[in-house]
Amino acid sequence: MIDFGLSEEQEALQRAAREFLGRECPPALVRETANTPDGIPGALYAKMAELGWMGLVVPEAEGGLGLGVLELALVLEELGRVAAPGPFLGSQLVTAALLRAGTRTQRRTWLPRLLAGETFGALAYLEESDTHDPAGSTLRARRTRDGYRLNGRKLFVLGLPGAHVVLVAARTPRGPSLFLVEAATPGVRLRPAETIDLTRRVGEVELRDVAAGRDGLLGREGEGANLLTRLLDLGAVGIAADSLGGAERVLEMAVEYAKAREQFGRKIGSFQAIKHMAAEMAADVEPTRSLVWYAAYASDHRPREAARAAAIAKARLGEVYSRTAERSVQIHGGIGFTWEHDLHLWFKRARWNQVAFGDPTFHRERLATIDGY
Amino acid sequence: MDLTYSPAERTFQHAVRTWLKRNVPKRQRDERPMEWGDPRRLAQAKAWQRRVYEAGYLALAWPAEYGGQGADVMRQTIVNEEMVRARAPGLIGLMGVQMVGPTLIQHGTEVQRRRHLPKILTAEEIWCQGYSEPGAGSDLASLRTRAERDGDDFVVNGQKVWTSNAQFADWMFCLVRTDPEARKHAGISYLLIDMKSPGITVRPLVQMTGDAGFNEVFFEDVRVPQANLVGGLNNGWQVANATLAHERNMLGATTRTQQTFQSLVRLARTHGRGGRPASADPVVRQQLADLAIRVETMKLEAYRQLTDTLRGRPSGIAASLNKLITTELNHDLARTALDILGSYGPLGRRDARVRDRGIWPLDYMFSLGLIIGGGTSQIQKNIIAERGLGLPREVRPA
């Protein structure tokens, strides 16, 4: 029976999340958080943890809600809608990595802390080359008597410097491998990047002969590329969901403004120049919901289609969010260009969303390869 | 969320597929409406629809008393998909099946239903749509063809234009002005007109494709019985709006778009410049992937809307969004094919070096016609903005 829609429970979760974030994460909080050192709104995250969101996809036996990636995407959409600050997505990726490949010890060490919303995770895979190739890391991990030593640098890490545990993509003589590195370990240096996005932190991590014990290796040595590919796809779906929420919000703002603002003695929304731009924005945004739902659903239930669906969702949403934000600014006119108006919070977030976990050009080429053009 | 057919639906799908494999006339594969002008083709096309109907694969969702099966949308969707997959010829009576039929079921009298519905299904009578006029295109409600009451009849005078299929249609469903004093939307009625009535002249218009697909229709003192009025006097605008929604759904044929895209990919892999297929060019790959994404979006949206329908949720402005998105997408597919074809692109159907039997330049033109027909993209954007987003209506002269 074809049923491509949300269940009653999923719709209830969506409503509850929207209501909660509308109340708890107003633009004032986003701006306030931008001035804090770690970029994490602590009180909000404590409440999110209470709601169980940090462990949304974690089995109930391990303290989570036992839900799927689709439910996670619904929450991410709502977080995107309010341009929520903080390292939520990075934590989800580290959590997902632990669930897929973590040993009992690793899970017991990290999951309870991540679920409590006090410890945050980040995925560090990019380097100066900016390649999204999951086997493309040059950061070296050398085997030692009691574990590994890591040397190198990772760039453009979403959620740094606030995160406490960093999942690092490295290369050992056996091939691509993933390591869990505590930010507090000697030899780890974090540097915040300066970015136009006020809602998110992006940073750099430098590892100088950093010791990772045997428990530092996540999954098998030399076989990290597969796991990393799946994490990058999950990240792509997550950012796509965030973009959907953001795009919906900037479209709403444009429509609200066009209904209120008068020029030439008329509401500007009655001019076809504005009307058609708004209609094109709606025609862009509205249908992308299906792409996010399907990519999230495929991530859990259709593994063979998951990569393709993630590439499609990320390519389309990356572009649609930026374009919709640009047009929203255009409809707002001068006021939309000011620091005082909140619109630029989304406008700038859209730029990271466009590139994070692969930009549209990257994912389109990936799709072309998957489909065998 | 579930994207698989139930066992019963799979069985049904298999039956449809098997029937189509045995029955699709090979010579008529992919046949296009533009070929129906020829009387032999016309007879074949009517015979094909009759077979589909007799097999039980037409108008499944209609009530059983009017020749349907009262089936859910799912079965009709399966049939539509399989028809396209089997490259079955188009249905010549689609205007009747998808537009007049549902309108009569909703607004018609019992006599009208008994008279017309059976012949719509068997393609014994073909219908055309009399909406647009020389002075009433996007502003349809300003139409001026008038119908005046005289005894038991209306007397119709005026002109319609862009009327597809009028050259061989038996009936026309037509919008006429019955109250010139009323505000323009309020004085319109919906009439069923026998095309053999004295006083009707049909003059073919040649389209830019070179085919005579549509016509001008002139009415000079044409007598139409009052019994042919649908939905009450001066109520035609409401009746027609129900029909327009059907038309927009009709244009959103997802499966056909998927097939056009597959043809485009085949073209890109086999045609190129300097001995290199177009699909090896990174720019072309980007374009193809972008189109693939739009096709995929359309497919998933179709499933989402189907789910909404099955759950009994209102469709909102989906019809307008679909019309806008799918017609623009189909035009972009054809345009990309022409870009890939380079100097081979503008070759005519009969040229010895033409690729893919010349379908691409034809599609490029035909798909542009679909962006215009059935409510232009600009009109759809007005509807999306006003009814969907709630932006203020145009300032309109009274």
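**Notebook: chain and domain contacts**

I looked up the domains of chain B and found 23 Å between the centres of domain 1 of chain B and domain 3 of chain B, taken over C-alpha atoms. Domain 1 of chain B spans 7–92 and domain 3 of chain B spans 252–388, with bounds from an automatic or database domain assignment. Their contact (C-beta atoms, placed from the backbone, within 7 Å) takes seven residues from each of the two domains.

I note that this is a predicted model, in which local features need pLDDT of at least 70, side-chain atom pairs count only at pLDDT 80 or more, and totals for chains, interfaces and linings use all residues. Residues are numbered from 1 along each chain as its sequence is written, while chains are lettered from A and ligands numbered from 1 in the order in which they are written.

I then turned to the contact between the chains, which takes 37 residues from chain A and 42 residues from chain B. Helix 8 of chain A gives the most to the side of chain A that touches chain B, with seven residues; helices here are DSSP runs of H or I with at least four residues, numbered from the N terminus.

I last checked one helix pair: the axes of helix 9 of chain A and helix 8 of chain B (residues 282–310) come within 8 Å and cross at roughly 85°, the axes being lines fitted to C-alpha atoms over the stretch in contact and the angles running from 0 to 180 degrees between N-to-C directions. I therefore recorded helix 9 of chain A as roughly perpendicular to helix 8 of chain B, a term that covers 65 to 115 degrees. Residues making this contact include A:Leu291 and A:Tyr294 of helix 9 of chain A and B:Leu300 and B:Arg304 of helix 8 of chain B.

Notes. Helices (H or I, at least four residues) and strands (E, at least two) are DSSP runs, numbered from the N terminus. Angles under 35 degrees count as roughly parallel, over 145 as roughly antiparallel, 65 to 115 as roughly perpendicular and the rest as oblique.
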